[in-house]
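Work through the exercises below with the sequence and the 3D structure in view. Try each task before reading its solution.

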Amino acid sequence: MPAQHDQHEDQRQDQHEDQREGRHAGQPSAGRRPRRRTAKRVVLVVVAAAIVAAAALAATGAFKRGGTASTGAIDNGSGTGLAAVTRQNLSAQADVNATLGYAGSYSVINQAQGTYTALPSVGQVITQGHVLYQVNDSPVVLLRGSTPAYRTLSEGAYASDVTGADVAELNADLVALGYATTAEIPAGSDEFSWETRQAVERLQAHLGVEQTGTLALGQAVFLPATAVRVTTVSATAGVSAQPGQPALTGTSTTREVTIPLDASQQAQVEVGDKVIITLPNNQTTPGVVSAVGKVASAPQGSGTPTITVYVTPTDPAATGSLDQAPVEVSITTGSVRDALVVPVDALLALAGGGYAVETAGTAGAHHLVPVSLGLFDDADGLVQVTGSGLSAGQQIVVPAL
């Protein structure tokens, strides 16, 4: 259509000039210069040829972003700079949202009968061997153990009369608290011996109660922690203490970060992986993956299934005392040693597939070098590459800052 329009326009110009010079339409005149339609056609042909040539080069993946053009490259005039290919160790990291708090969650089940007369406050830390709360003014002591209290423990007619996992943890507590020695109660002993009775009497003396040498049901609570940080108190002072009902809940005093990780990334994270924790005040502190969940859970409604990854801060004091605080964790998901590394923004996507980098040689010569990609370090914007003719120290083209 544009060519037909030009032709019609030229014909109208010819008719106008013929009429002005007194000639009939189409009559030639001596010495007339060629019409502009000839020049227009030349321009159209040149432009069309250039477009075809550029398309052919793009299809082969031969192009460049800037600098001195070389054979098979087109200068698009964009600003560029140079960066060096390096050989170094490289780590891949993934940034995920997480929660900073305390490890463990414990429910303190009351077994004493009577009335609550003293209760701890939220946030209070109670250590092994100290009083958790009181019923009828009688203290209930915290002891360490994974087997809950379910019976009265006392010395039998024979040492073997009262044994079990609950006795073993009581014996371990009595030694740990200094009420007996390992010579008196050997490590791992699960027998309520005469030495156990003597140690219980020393504990009772410390608590200021009658020294019976018998640990009655309800006088102690066993939890798998040496200290408990109280998070909620469900009991109320002056209210009847019902055996089997929770009195309070708590956590350990160990700082911990929990990550709801996309279940598809489970294989990328392992126990022992190092991480960087970004705290709410934007300060960072290191940590280590301590456990990786095995069972995925889906959020209510719709959402991506996740597993829980646990991280232990290397310097717990640096994390402060915030509980359930939002943080960000950079997890190292892979690493390589002594790899060829280039900036990610140096990569050129080839039209035929794959990637290349543009090397800048001597005398301004630029060449495209196809590369295969390895590990990405998104945090530092680097990528591992391999390519024939590529070596450390070479200069490559990157976008200008």
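**Exercise 1.** Determine what share of the contacts between residues at least 6 apart in sequence joins residues at least 24 apart.

*Solution.* Begin with the term: a contact means heavy atoms within 4.5 Å. Among contacts in the protein chain between residues at least 6 apart in sequence, 65% join residues at least 24 apart. Before going on, note that this is a predicted model, in which local features need pLDDT of at least 70 and side-chain atom pairs count only at pLDDT 80 or more, while totals for chains, interfaces and linings use all residues. Residues are numbered from 1 along each chain as its sequence is written, and side-chain values use heavy atoms, with hydrogens and water left out.

**Exercise 2.** Describe the protein chain by its helices and strands, its buried share and its exposed area.

*Solution.* First, the elements are DSSP runs numbered from the N terminus, with at least four residues for a helix (H or I) and at least two for a strand (E); by this rule the protein chain has four helices and 21 strands. Next, a residue is buried under 20% relative accessible area, exposed over 50%, and partly exposed in between (1.4 Å probe, protein chains only), and 34% of the 401 residues count as buried. Finally, the area that the chain exposes, computed by the Shrake-Rupley method with a 1.4 Å probe, is about 21,900 Å², of which carbon and sulfur atoms supply 53%.

**Exercise 3.** Find the order of the open sheet of five strands, and then follow the pairing of E7 with E8.

*Solution.* Two strands pair if DSSP finds at least two bridges between them. The order of this open sheet is E8-E7-E6-E4-E10, with mixed pairing. Its edge strands are E8 and E10 (240–241), each of which pairs on one side only. Strand E7 (residues 138–144) runs parallel to E8, and four bridges are found between the two; within this pair, Val-141 stands opposite Ala-220 in E8.

**Exercise 4.** Trace the strands E18, E19 and E20 through their two hairpins.

*Solution.* Start with E18 (residues 355–360) and E19 (residues 366–377), which run antiparallel and are joined by six bridges, with Glu-358 opposite Leu-368 in E19. Five residues lie between these strands in their hairpin, and Ala-363 in the turn has a positive phi of about 60 degrees. Continue from E19 to E20 (residues 382–386), again an antiparallel pair, joined by four bridges, where Leu-373 stands opposite Val-385 in E20. This second hairpin has four residues between its strands, and Gly-381 in the turn has a positive phi of about 70 degrees.

**Exercise 5.** Identify the lining of the largest pocket, and state which element gives the most to it.

*Solution.* On a 1 Å grid over the protein atoms alone, a pocket is an open set of points with protein on both sides within 12 Å along at least five of seven lines, whereas a cavity is a set of points where a 1.4 Å probe fits but cannot get out; lining residues have an atom within 4 Å of a point. Grid points are joined across faces, edges and corners, and a volume is the space filled by probe spheres set on the points. The largest pocket has a volume of about 170 Å³, and its lining includes Ser-107, Val-108, Pro-148, Ala-220 and Phe-222. The elements that give two or more residues to this lining are E3 (106–109) and E8 (220–223), and E8 gives the most, with four residues. For the classes, Ala, Val, Leu, Ile, Met, Phe, Trp, Tyr, Cys and Pro count as nonpolar, Asp, Glu, Lys and Arg as charged, and the others, Gly among them, as polar; the lining of the largest pocket has nine nonpolar, two polar and no charged residues.

**Exercise 6.** State how many cavities of 30 Å³ or more there are, and describe the largest and the second largest.

*Solution.* The count comes to three cavities of 30 Å³ or more. The largest cavity has a volume of about 70 Å³, and among its lining residues are Ser-138, Val-141, Leu-203 and Leu-207; E7 and helix H4 (194–207) are the elements that give two or more residues to this lining. The second largest cavity has a volume of about 60 Å³, and its lining divides into eight nonpolar, two polar and two charged residues, including Arg-151 and Asp-166.
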